[in-house]
There are 2 protein chains.
Amino acid sequence: MVRGGTTEQLRRANLSRVLELLHEDGPHSRADLTRLVGSSRSTMAGVVTELEELGLVAESMPELTGGAGRPSGVVSVNPDVVAVTVNPEVDAVHVGLVGLGGRVIKHARIEVPDTDVTTVVSLAAATIRGMLSDDPPRYRVLGVGLAVPGQVRISDGVVRQATHLGWSEVPLTDLITHATGLPAWAANAATLAMRAESRLGAGKGVADLVYLIGGASGVGGGAVVGGHLLTGSAGYAGEFGHTVVTPGGTPCHCGGRGCLEAEVDQATLLAAVGLGSADAGRLGERLKASGDPEVVALVADRSARLAVAVRNALNVFNPQAIVLSGHLAALHEASELDLIAEGVASSREAVEIRSAALGDEQLMIGAAELVWSELLADPAGLLAR
Amino acid sequence: MVRGGTTEQLRRANLSRVLELLHEDGPHSRADLTRLVGSSRSTMAGVVTELEELGLVAESMPELTGGAGRPSGVVSVNPDVVAVTVNPEVDAVHVGLVGLGGRVIKHARIEVPDTDVTTVVSLAAATIRGMLSDDPPRYRVLGVGLAVPGQVRISDGVVRQATHLGWSEVPLTDLITHATGLPAWAANAATLAMRAESRLGAGKGVADLVYLIGGASGVGGGAVVGGHLLTGSAGYAGEFGHTVVTPGGTPCHCGGRGCLEAEVDQATLLAAVGLGSADAGRLGERLKASGDPEVVALVADRSARLAVAVRNALNVFNPQAIVLSGHLAALHEASELDLIAEGVASSREAVEIRSAALGDEQLMIGAAELVWSELLADPAGLLAR
DNA sequence: GCCCGTTTGTTGTTCTAACGAACAAACGGG
DNA sequence: CCCGTTTGTTCGTTAGAACAACAAACGGGC
C-alpha cells in the first residue's frame, strides 16, 4: 500500500508494477497487463511507452494469432539489460551475467589461489571486464549482485564475517564498485538462494515460506514473511544453521553448542556413503539406496535433529511451505521420518515440505535479484545514474 | 510502496497515512503533518478537512503558543471513535472500550461460571450493550477486537484451538457479530500483546522485534519483521512457546516434548517462592530477593532453557530488540545469565533485551489495533458500512 | 506602539496522472 | 464481403497534488 505520496510516486509505482510483472511472469500483451494491473487501456499505453523509452521493455509482433479479434503485440523485458553476479567460494569465484527476466547469459568459474580479498576482487573484476568487452557494448549493465557465504550488513555491503573465506569486516561492495565502476549490492548467499527459489522455484507464489539449505560451508536459510523477504535489522536474519537442536551438543564454530550446522553436517553424510564433496548432488540417492545399518541409523539420527529445527520454524513462522535444499533435502528424501509429526497442530495441517527445484543457477538468479529489486523500486531512477 | 493504482487510491493512502500518524504519535499541527508526510500545505489542508468531515479527527485551538509565527491549531484524533475489545480467559471475560489514539475508556472484568462459548459470548454481548447504552449515543463504534489465548485463523476469525478454554473450531467473530451487530476480528492474545508493546511500549519504533510472553496459560509470542506483523499463512505464527529447548524433555500438551512452555512454566516458579497465581506481578522481585539455593538453582536452570529459545530467535530474526514479558521477564530480571552469550556474533552485537513496559491495558490496546488496522487501511471505507 | 520578520493557513492556478468514450485496426467466421 | 470481437490509440474530462500569492497571527526590536 501507499504510505502517502505524490502523483509522481504513483506513476513510478505503476512503472514498477508492470515491469515486475514482466520480469516475474514473463511476456504479456498490453491487454493482459491492463487486466492484471486493473487499470485502463490508455494508462497502460502510457506506462508501456515509457518503459520502452527507458529501454527496459520491447514489443514484438505476433507470430501465431490466438483467436478472434485484433492481434496484439507482446511486451517483454529487454534481456540485454543485465546484472553481473559474483559468488566467492573457498576454491573459486563464480561470475555470471543475468538478464532482466532471469535468464543466465554467461557463467564462469574462476579458480582462486587463495581467498585473499584483493585477489578475489581483482580476479572477479577482470572476469567481468571480459564478459562485457563487446564492441560496441551489447549489454546495459545495471550493477553487481554479490552472494557471500557469511554475514553481510546489507545497508553498506560490508561482509561482517565469512568464516570459510576467512573474511572479516570487508567492505565488499565498495571494493567491487571501485574495481569495476559499477554499483554493487551484497547479501548472504543462503538468503539469495531462497530468493531465487521463492521467485522461480519450489517457493513460487508462496507468501509465507521457510527455506533451509545445507552445503559444504554449513547450513543457512531464509524466510519470506507475508510476501516480504526476512532480512532482520541489519541483514543477518535466516541463520537457521545455528538453531539449537541438541543443547550442550557438538561445539559449533559460532561459539555455541548443538547447532543444526554442527550436528547435521554434509561431510559426515558424504563420508558415510563414500562420496566426496564434488559428488554432493548424488547424496540423496546414495543415502536412500544404502542398506548399511550404520547409514540407516545415521539418517534416522540426523533427521531427528533436523526435525527439531523444522518444528521450531513451523511453530514460529506458520509457513505455507518449508523448502529444503542441499544435503538437508537429501536427508529428508532418504528418511522415513515425518519432519512435522510434532508441533502446533494448526500450523502443521497446512504446511508442505518440499525439496528445492532450482539447480546451479540458483545463486546467480538470486544475486541478480539484488540488482533487480533496486531497478523495480524505481525503474526511472536507477537508469538515471 | 504503491503496487500500482489509481489517483483515488493515492488519496486514500494519504488519508490513511495522516490518520495513522495522529493515532500513533498523538496530536500534531497541520504544519507538523505537512513536514512528516512531505506533502504541500494545500494537500494537507484537503486531507485534514476530509478527515474532519468523516468525524475522525478534530482541530482544537491553541492553549499556549510556542514561539514566533502564526499560531497553529492542533489536529488530534476523535477519541469518541471507539473499538470494543473482548478477551476471554479461563475464569473471566475482559471487555473494554478503547478510543482511537489508544486510550482505554472503559474496562470490565466479568466472571464466568464456565468457559462454554455460548455463555461467554452472551455475557460479553450484554456487557458491551451496557457500555454503549448512552442516550443519545456517545460513541462511534467501529467494531470488536477479540484477543484469544489460542490459535486463531485470522481470515475468518475461527478459533481453531484454545486449550485452556476448551474451545475448538469456534467461529468466534461470527458469534460476536451475530450477538452484537458489530463487525469483529480476532487474533492470538500473545500476538496482540506484542502489537500493543510494539506501538506504545518497549518496542515502540522498532522495525524488527521479537516478543516472548509467559503467563498462566503458557508461553506465546510474536514478531515484527521489517515493520510488519508476523502472522504466518493463516495467523498461527509466533508460537515461541513450542520452541524445543530440551529435545526429549518434559511432555507438552501440544504432543511434543521439551517445549519452552513445558520446561519454563509459570506455576513452578511461583510455587518456588511461595506465591499464588494472583501474585504473578511480584514474581520478579521475589525470585531476585530469594537466597534459597534451590530457588537460585531453579532460576539458573530455567534461564538456560529460555536462553536456547532466545538464541534461536536471535539467529533467525536478527531483531533490533527482544522484549520479554510475564514470568519470562521476571526470570530474566532475577538471573545473572546473559541470554545472548551465544549465537551468531553479528546478530548479538546490536540486539537489546528488554522487559515489557505496558501493564494491564496491553491486551485491550492490542485487540483494539485489530479494529484500527481496518480503519487505517481505508479510513473512508470502514465508515461507509 | 509600531514595524518587521516568521510561521502558518487559505485560495486560485497549473501540472500531472489516470479514466472514459469514441474511433480505428486487424482478425475469424458466416 | 460483412459483422462481431478484441485490441490499441486519441482526445476530452476528472481528480489529486504542487506552486505561488496572499492573509492571518504571533514575537521581537526599536
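Visitor: Hi! How do the residues of the surface near DNA strand C divide into nonpolar, polar and charged?
Guide: In this predicted model, that surface has 14 polar residues, seven charged and five nonpolar.

Visitor: Which residues come nearest to DNA strand C?
Guide: There are 26 residues around the strand, and those that come nearest are Arg11(A), Asn14(A), Thr43(A), Arg30(B) and Ser72(B).

Visitor: And which element gives the most to that surface?
Guide: That would be α1(A), with four residues. At least two residues each come from α1 and α3 (41-53) of chain A, and from α2 (30-37) and α3 (41-53) of chain B.

Visitor: What does Ser42(A) have close to its polar side-chain atom?
Guide: A base oxygen of DNA strand C, 3.0 Å away. For Ser40(A), a backbone N or O atom lies 3.1 Å from a phosphate oxygen of the strand. On chain B, a polar backbone atom of Ala31(B) is 3.0 Å from a phosphate oxygen of DNA strand C.

Visitor: Switching topic: how much area do chain A and chain B bury between them?
Guide: About 4,700 Å², with 55% of it on carbon and sulfur atoms. Chain A brings 58 residues to the contact and chain B brings 58 residues.

Visitor: How many salt bridges are there between chain A and chain B?
Guide: Two. One of them joins Glu349(B) to Arg160(A), whose closest N and O atoms are 2.3 Å apart. The two chains also have 18 residue pairs in polar contact, counting pairs with both residues at pLDDT 80 or more.

Visitor: Which element gives the most to the side of chain A that touches chain B?
Guide: α1(A) again, here with seven residues.

Key:
Residues numbered from 1 in each chain as written. Chains lettered and ligands numbered in written order. Predicted model: local features only at pLDDT ≥ 70, side-chain atom pairs only at ≥ 80, totals over all residues. Heavy atoms only, no water. Contact = heavy atoms within 4.5 Å. Buried area = accessible area lost by both parts, 1.4 Å probe. Salt bridge = Lys/Arg side-chain N within 4 Å of Asp/Glu carboxyl O. Polar contact = N/O pair within 3.5 Å; in protein donor to acceptor, adjacent residues only side chain to side chain. Near = heavy atom within 4 Å. Nonpolar A, V, L, I, M, F, W, Y, C, P; charged D, E, K, R; others polar.
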